[in-house]
Amino acid sequence: MNIMDFNVKKLAADAGTFLSRAVQFTEEKLGQAEKTELDAHLENLLSKAECTKIWTEKIMKQTEVLLQPNPNARIEEFVYEKLDRKAPSRINNPELLGQYMIDAGTEFGPGTAYGNALIKCGETQKRIGTADRELIQTSALNFLTPLRNFIEGDYKTIAKERKLLQNKRLDLDAAKTRLKKAKAAETRASSEQELRITQSEFDRQAEITRLLLEGISSTHAHHLRCLNDFVEAQMTYYAQCYQYMLDLQKQLGSFPSSYSNNNQTSVAPVPSASSNVIGSSALTSTSGLVIASPTNLIDLKECSGSRKARVLYDYDAANSSELSLLADEVITVFSVVGMDSDWLMGERGNQKGRVPITYLELLN
């Protein structure tokens with residue numbers, strides 16, 4: 001037998017097998033043929049694997065959107081990855097904003113309050129951009145890559161073996177159908193032999209598939225470790241950003257205000273979230289000062305005496321009933337019956353007026 005004859009016979013056999021499977025599959029769908037059911041444990045493993053694949057894809061894609069919101073940039077990175085080439089480095093949005101701020105501050109003049117503030121803000125934005133870049137790199141390596149390896153590696157192997165199991169199951173059921181239809185003794189003997197072979201192949205493939213599927217539990221454990229790495233990367237990123245903005249806020253707090261709002265109401269302004277201390281009755285700083293916490297101020301309002309207070313931030317009086325403040329100056333404050341709870345009466349020499357409590361730090 002030459003190679004050509006062998007190939008022709010193999011193609012004919014493959015075509016016959018394909019046709020037999022197609023007929024069996026069609027008859028099962030029409031309810032005209034019996035179907036061998038997989039055992040419950042194997043079905044549960046198959047369902048778990050499919051569920052893992054679906055949610056892993058969704059989490060992976062949405063994480064990519066979170067880390068890189070620009071769809072065009074994601075497509076570019078995907079193309080470079082498929083070409084096994086490194087994508088060109090590009091400036092990210094915080095870095096670009098930071099550069100614009102620095103350029104604007106330089107143009108307005110670093111010696112001016114606004115120009116200096118812009119430069120400081122720009123430098124902080126660029127630091128945030130660097131932290132953002134580190135978050136993307138760490139998350140891609142420790143979180144996205146393992147998820148992608150599962151989808152493109154382990155699950156593809158599972159899907160291949162699952163498809164092979166389905167074909168072996170169709171071969172087995174087709175053999176059962178032929179045995180039922182066999183009438184002659186010789187035909188029955190041949191059909192019984194075929195049934196034994198297909199049953200053996202089906203059982204072997206079911207065992208192979210089961211062993212692969214039981215590895216899904218290990219996949220979940222691995223993905224859990226990767227998830228912890230991702231959370232740690234995010235925690236580091238947000239902690240850096242918070243510290244950068246906290247430092248920036250302290251720097252900007254010493255800048256003089258360039259305008260006042262003449263339409264301001266009597267509601268006390270809140271300079272910042274970090275200066276609002278609401279968790280304790282009194283917090284002592286390293287210099288021995290007491291921050292004006294709510295309990296501390298209530299005590300002051302209930303007593304008839306006065307206290308010294310250091311001004312935390314510049315404040316421009318909105319009207320003649322208020323007192324303008326300069327950061328770091330020390331004034332005398334006292335309560336007045338009937339005054340709004342967010343305000344105290346402040347006194348500096350011969351000047352007197354209402355001052356917002358959120359701008360004060362009471363002295364011992």
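Two strands count as paired here if DSSP finds at least two bridges between them, and that criterion underlies the first stop of this tour through a predicted model.

**The sheet.** Begin by selecting the five strands, which make up an open sheet with the order 4-3-2-1-5 and antiparallel pairing. At its edges, colour strand 4 (351-356) and strand 5 (360-362), each of which pairs on one side only. If you then look across the sheet, neighbouring strands are turned against each other by 45° on average, with direction ignored.

**Strand 1 and strand 5.** Next, keep strand 5 displayed and add strand 1 (residues 306-311), since the viewer will show these two pairing in the antiparallel sense over three bridges. Within this pair, pick Ala309 and look across to strand 5, where Leu362 stands opposite.

**The helix pair.** Now move to helix 5 (residues 113-181) and helix 6 (residues 185-213), which pack with their axes 8 Å apart and at an angle of about 160°. Angles over 145 degrees count as roughly antiparallel, and helix 5 and helix 6 are therefore roughly antiparallel to each other. Their crossing is left-handed. When you show the side chains where helix 5 meets helix 6, the contact residues comprise twelve nonpolar, six polar and ten charged ones.

**The annotated span.** Finally, select residues 158-192, to which an unreviewed UniProt entry assigns the feature "coiled-coil region". In the model this span is 91% helix and 0% strand, and a distance drawn between the C-alpha atoms at its two ends comes to 31 Å.

Technical notes. Residues numbered from 1 in each chain as written. Predicted model: local features only at pLDDT ≥ 70, side-chain atom pairs only at ≥ 80, totals over all residues. Heavy atoms only, no water. Helix = DSSP H or I, 4+ residues; strand = E, 2+ residues; numbered from the N terminus. Axes fitted to C-alpha atoms, helices over the stretch in contact; angles between N-to-C directions. Parallel < 35°, antiparallel > 145°, perpendicular 65-115°, else oblique. Left-handed = near helix turned anticlockwise from the far one by under 90°. Nonpolar A, V, L, I, M, F, W, Y, C, P; charged D, E, K, R; others polar. UniProt positions renumbered as here; feature names shortened; annotations may be inferred.
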